[in-house]
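Work through these exercises with the model open beside you. Try each task before reading its solution.

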Amino acid sequence: MADDSPQEIAAKFLAKLKDSPFVMIGLEDGQHSEPMTAQIDDDQPNTLFFFAGRDNRIAGGGQAMAQFVGKGHDFFACLSGHVSKDNDPAQIDKLWDKQVEAWFPQGRSDPNLTLLRFDINSAELWETDISLSGRVKMLFGGTIRSDESSSHAVVGSVA
């Protein structure tokens, strides 16, 4: 919890993201963020991939921000980085699965398909796994000690 190192918190983030790979992502161009499913390639740390339509609002690339909430609402992340196209057929094949195929019925050769990569420059991560004694104090009043509270890290790498 509060004593976790930044690397331990980053490892927890990746585990949570693999368990629930949905993020809100948007370019820093004034348009709203949108929900997308992140694909993780363990061979490319600090990079998330997204299959998208060529007309998707982030397909043009640029500086972007992504937000993540763990499905148990016990982990939060804000990621800053850069979106670009990565239409390498080998990378598409590596990440392709049945869920992606459901969105692109013409398969890997769908003319609307593009693979986007989000290279993470920095991340701010929060784990809100408050201890049992801390939760009781939240319910009935009292001061939560640092060893009963959540973990927080600002990292340049999530790998």
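**Exercise 1. The largest core**

Which residues touch the most other members of the largest nonpolar core?

Some ground rules before the solution. This is a predicted model, where local features need pLDDT of at least 70, side-chain atom pairs count only at pLDDT 80 or more, and totals for chains, interfaces and linings use all residues. Residues are numbered from 1 along each chain as its sequence is written, and side-chain values use heavy atoms, with hydrogens and water left out.

Step 1. Fix the term: a nonpolar core is a set of buried Ala, Val, Leu, Ile, Met, Phe, Trp, Tyr and Cys residues joined through side-chain atoms within 4.5 Å. Buried means under 20% relative accessible area, exposed over 50%, partly exposed in between (1.4 Å probe, protein chains only).

Step 2. Pick out the residues: Ile25, Phe50, Leu79 and Phe118 touch the most other members, in a core of 26 residues.

Step 3. Trace the suppliers. At least two residues each come from α1, β1 (22-27), β4 (47-53), β5 (62-69), β6 (75-85) and β7 (113-127). β7 gives the most, with 5 residues. Helices (H or I, at least four residues) and strands (E, at least two) are DSSP runs, numbered from the N terminus.

Step 4. Look beyond it: a second, separate core has 9 residues, including Phe51, Ile92, Leu95 and Val100.

**Exercise 2. The buried side of α1**

Find the buried residues of α1 and explain their placement.

Step 1. Locate the helix: α1 spans residues 6-19 and has 14 residues.

Step 2. List the buried ones: Ile9, Ala10, Phe13 and Leu17.

Step 3. Check their directions. These residues cover an arc of only 100° around the axis, so they sit on the same side of α1. The arc is that of the directions from the helix axis to the C-beta atoms.

Step 4. Recall the geometry: an α-helix has 3.6 residues a turn, so residues three or four places apart point the same way.

**Exercise 3. Two serines**

Are Ser20 and Ser80 buried or exposed?

Step 1. Place them. Ser20 lies in the loop between α1 and β1. Ser80 is in strand β6.

Step 2. Read the relative accessible areas. Ser20 has 9%, so Ser20 is buried. Ser80 has 17%, so Ser80 is buried.

Step 3. List contacts (heavy atoms within 4.5 Å), leaving aside neighbours within four places in sequence. Ser20 is in contact with Phe68 and Lys71. Ser80 touches Glu28, Ala64, Met65, Phe118, Asp119, Ile120, Asn121 and Ser122.

Key: Expected span 1.5 Å × (residues − 1). Contact = heavy atoms within 4.5 Å.
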